[in-house]
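Visitor: I'd like a close look at just one part of this model. Could you pick a single helix and walk me through its geometry, its faces and its surroundings?

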Amino acid sequence: MERVAAWLHEKNPGLDGPVDVDEDLIEARLIDSMDFLEFIDLLEDISGTSIDLQEVTIDDFRTLARVRERFLTPSG
């Protein structure tokens with residue numbers, strides 16, 4: 001999750017402190033439509049698997065907790 005947090009801070013230079021695992025990344029505008037595909041590429045690189053956009057919903061990317069559960073754990 002460190003790489004994800006670092007990416008979020010890189011994209012949001014005014015962001016102070018850690019991002020709460022339950023914070024809505026989309027509502028908080030920490031991820032926008034311009035960065036979304038780059039975020040998916042990052043998750044694919046970290047997980048070592050490709051993400052089929054036909055099999056996911058926007059809610060799978062909404063919080064760090066859901067991202068970890070869906071893409072960064074073996075059972076995801």
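Guide: Let's take α2, and start with its length. The helix has twelve residues, and at 1.5 Å a residue they should span 16 Å; the end C-alpha atoms are 16 Å apart, so expectation and model agree. Bear in mind that this is a predicted model.

Now for the faces. Which residues of α2 are buried? They are Phe-39, Ile-40, Leu-42 and Leu-43. Look down the axis of α2 and these buried residues fall within an arc of 155°, which means they line one face of the helix. The general background is simple: an α-helix has 3.6 residues a turn, so residues three or four places apart point the same way. Over on the other side of α2, Leu-37 and Asp-45 are exposed.

What does the buried face of α2 pack against? Its buried residues pack against α1 and α3. That leads to the largest nonpolar core, which has 17 residues. Within this core, Leu-8, Phe-39, Leu-43 and Phe-61 are the residues with the most contacts. Each of α1, α2 and α3 supplies at least two residues of the core, and the largest share, four residues, comes from α2.

Phe-61 is a good place to see α2 from outside. Setting aside neighbours within four places in sequence, Phe-61 is in contact with Phe-36, Phe-39, Ile-40 and Leu-43, among others. The list of its contacts also includes Leu-25, Ile-31, Ile-51, Val-56, Val-67 and Phe-71.

Next, the two ends of the helix. Ahead of α2, Asp-35 is found in the loop between α1 and α2. Is Asp-35 buried or exposed? Its relative accessibility is 15%, so Asp-35 counts as buried, given that the cut-off for buried is under 20%. Not counting residues up to four places away in sequence, Asp-35 touches Trp-7 and Lys-11. The C-alpha atoms of Asp-35 and Leu-8 are separated by 10.0 Å, with the two residues 27 apart along the chain. Arg-29 lies in the loop between α1 and α2 too, but Arg-29 is exposed, with a relative accessible area of 68%. Its phi is near 60°, a positive value in a residue other than glycine. At the far end, α2 is followed by Gly-48, where phi is again positive, near 75°.

Carry on along the chain and you get to Thr-63, in the loop between α2 and α3. At 16% relative accessibility, Thr-63 counts as buried. A polar atom of the Thr-63 side chain lies 3.0 Å from the backbone nitrogen of Arg-66. Leaving aside neighbours within four places in sequence, Thr-63 is in contact with Val-21, Asp-22, Glu-23, Asp-24 and Leu-25.

Definitions and conventions: Residues are numbered from 1 along each chain as its sequence is written. This is a predicted model: local features need pLDDT of at least 70, side-chain atom pairs count only at pLDDT 80 or more; totals for chains, interfaces and linings use all residues. Side-chain values use heavy atoms; hydrogens and water are left out. Buried means under 20% relative accessible area, exposed over 50%, partly exposed in between (1.4 Å probe, protein chains only). A polar contact is a pair of N or O atoms within 3.5 Å; within protein, one must be able to donate a hydrogen and the other to accept it, and residues adjacent in sequence count only if both atoms are side-chain atoms. Contact means heavy atoms within 4.5 Å. The expected span of a helix is 1.5 Å times one less than its number of residues. The arc is that of the directions from the helix axis to the C-beta atoms. A nonpolar core is a set of buried Ala, Val, Leu, Ile, Met, Phe, Trp, Tyr and Cys residues joined through side-chain atoms within 4.5 Å.
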